[in-house]
Amino acid sequence: MNSDAKVYKNYINGEWVESVSGETYENRNPADKRELIGLFQKSDSRDVDAAITAAAEAYDEWRLTPAPKRGEILFKAAQLLKDRKEEIARDMTREMGKILKETRGDTQEAIDMGFYMAGEGRRMFGETVPSEMHNKFQMSIRQPMGVIGMITPWNFPIAIPSWKIFPALVCGNTVVIKPATYTPLSVLHFMEIFEESGIPKGVVNMVTGSGGAVGDPLMRDKRIKLVSFTGSSEVGRLVSEACAPDFRHCMLEMGGKNGQLVMDDADLDLALEGALWGAFGTTGQRCTATSRIIVHKDVIEEFTERFVERAKKIKIGNGLDESVEMGPAVSESQMNTVLNYIEIGKKEGARLLCGGERLTGGDYDYGWFTQPTVFGDVKEDMRIFQEEIFGSVVSIASCDSLEDGINKLNNVPYGLSASIYSKNVNRAFRAMRDVYTGIFYINAPTIGAEISLPFGGTKITGNGHREAGKQALEVFSEWKAVYIDFSGVLQRAQIDNAE
Ligand code: NAD
């Protein structure tokens, strides 16, 4: 049945290779399961071992390549991404489902990150600090770590890999990446681009397959100095436990339960547009998606009525159609998770205001489409208020005051993103100070981060690290403090020289 299907291979040591088992798996379009995107390698620990070996062998040459030269290769890769942006975006829509505008944006983020990190090749600043002693100089420099293992999710198929690969490479590390099982083609294109950019063999490697068969051996291998993971908090915990016994580093970027607070003095038109985009953009499958809207009691009725009216009109379909506003869930199981949460919400006593069903009939029968779904009267102790759903479902809850609104924003286990709509600058600044998240917006939705600032969250969203911005360098390098004594005599630092 698959005799005509295109077969895609792993990228190991600068070569396109089949998995050792010779097995493959199907990748299908979630908007139309009749379309087979291709067959991808169903790899296992033997392929992971080959990729880590290649990355380890390539490490010395790469770490000793001057950082500005590494940056030049990254610059070329970013330029090639730019040249191939449309093709990459189209393939991403086919394999992941989100609409073309968004897959172009996803690719653009990778381009931006490439140019940003290429520039770091000529910066990567350390410090010089005055010494306590005569004739002594001291400075801090960054050193690379070795082979980095990367495990990425499907919702930003090339942006998230780029947030990891570009900073890791500019710092002088080599890389083995396992893309999400649903979105290997986007990372495969990324590998083609690195190959074309002239990066030495073994510096970047990709092994496709499942979390258990590929991700697990990758994160457990002791040659991996850092596991950079983005995905669910459940799998993030496994990564953390796998690294802990050997004190190997891990960087974890995980789930969110992001809230938008709408105050009684807000520009309601603006708040409405922001909430619609934040809740249903990428079919709600963003880690920063707005899944709770907390509205002041004096405006909740008007806001809810207008929000529901607009949500019902969202055009849903295949993301390759430029007029479509929302694509499918990424997979049948993701769609079922969403439908299950809708049942939970109903049972908990929340009021279903619109949506709630899978879309069927005609072409919808071939994809994993759900209606934009809005719940009202949602209370803080309900599961749909507390748990990440990752789909086209949003909960509306009311608040009595700014303090009540801030408490509700904070009262979830996650801490990724939040926003406030208010025309009162004092209220906006108090919320900015008191909401405990990694990202905060004023008069803008909970989505829309730019690559030049740190990205990540508090509480069970992360483990203290940040991606993007100059903070990414903190993750992918280790500091070395260097002291140079040019006095010609043994001098003792103050701690050893106390009177
Ligand atoms: P997931 O945790 O199921 O999978 C993430 C990756 O881990 C995939 O590549 C998967 O194959 C792999 N994996 C699964 N089980 C594994 C195991 N036992 N061992 C090793 N690897 C394993 O997440 P997902 O469904 O791909 O993505 C959605 C999640 O990602 C959501 O929770 C979302 O909030 C989160 N996310 C977070 C951010 C962020 O920056 N904070 C960004 C995007 C997505």
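For this tour, Ala, Val, Leu, Ile, Met, Phe, Trp, Tyr, Cys and Pro count as nonpolar, Asp, Glu, Lys and Arg as charged, and everything else, Gly included, as polar. Keep in mind that you're looking at a predicted model.

**Stop 1: the largest pocket**

Select Pro-153, Trp-154, Gly-231, Ser-232 and Val-235. Of the 36 residues lining the largest pocket, these five are the closest to its centre. The space here comes to about 820 Å³.

What sort of residues make up the wall? The lining of the largest pocket splits into 17 nonpolar, 13 polar and 6 charged residues.

Now colour helix H7 (211–220), strand E11 (224–230), helix H8 (233–243) and helix H11 (332–348): each of them supplies at least two lining residues of this pocket.

Next, give domain 1 (10–254 + 462–481) one colour and domain 2 (258–442) another. Why does the largest pocket lie between them? Both domains give residues to its lining, so that's where it sits.

**Stop 2: the ligand**

Click on the ligand and show its surroundings. There are 29 residues around it, and Thr-152, Ser-232, Met-254, Cys-287 and Glu-388 come nearest.

Zoom in on the oxygen atoms of the ligand and try three distances:

- From Glu-388, a polar side-chain atom lies 2.6 Å from a ligand oxygen.
- From Trp-154, a polar side-chain atom is 2.9 Å from a ligand oxygen.
- From Gly-231, it's a polar backbone atom, 3.3 Å from a ligand oxygen.

How much of the ligand does the protein cover? On its own the ligand has 850 Å² of accessible area, and the protein covers 87% of that.

**Stop 3: the second largest pocket**

Select Glu-109, Phe-156, Arg-286, Gly-448 and Ala-449. They lie nearest the centre of the second largest pocket, which has 21 lining residues. Its volume is about 390 Å³.

Then highlight helix H4 (100–120) and helix H5 (159–170), the elements that give two or more residues to this lining. H4 gives the most, with 7 residues.

Colour the lining of the second largest pocket by type and you'll find 9 nonpolar, 4 polar and 8 charged residues.

Finally, bring back your two domain colours. Domain 1 and domain 2 both give residues to the lining of the second largest pocket, so this pocket lies between them.

Key:
Residues numbered from 1 in each chain as written. Predicted model: local features only at pLDDT ≥ 70, side-chain atom pairs only at ≥ 80, totals over all residues. Heavy atoms only, no water. 1 Å grid on protein atoms, 1.4 Å probe; cavity = no way out; pocket = protein on both sides within 12 Å on 5 of 7 lines; lining within 4 Å. Points joined across faces, edges and corners; volume = space filled by probe spheres on them. Helix = DSSP H or I, 4+ residues; strand = E, 2+ residues; numbered from the N terminus. Domains from an automatic or database assignment. Near = heavy atom within 4 Å. Polar contact = N/O pair within 3.5 Å; in protein donor to acceptor, adjacent residues only side chain to side chain. Areas by Shrake-Rupley, 256 points an atom, 1.4 Å probe, with all protein chains shown as cover.
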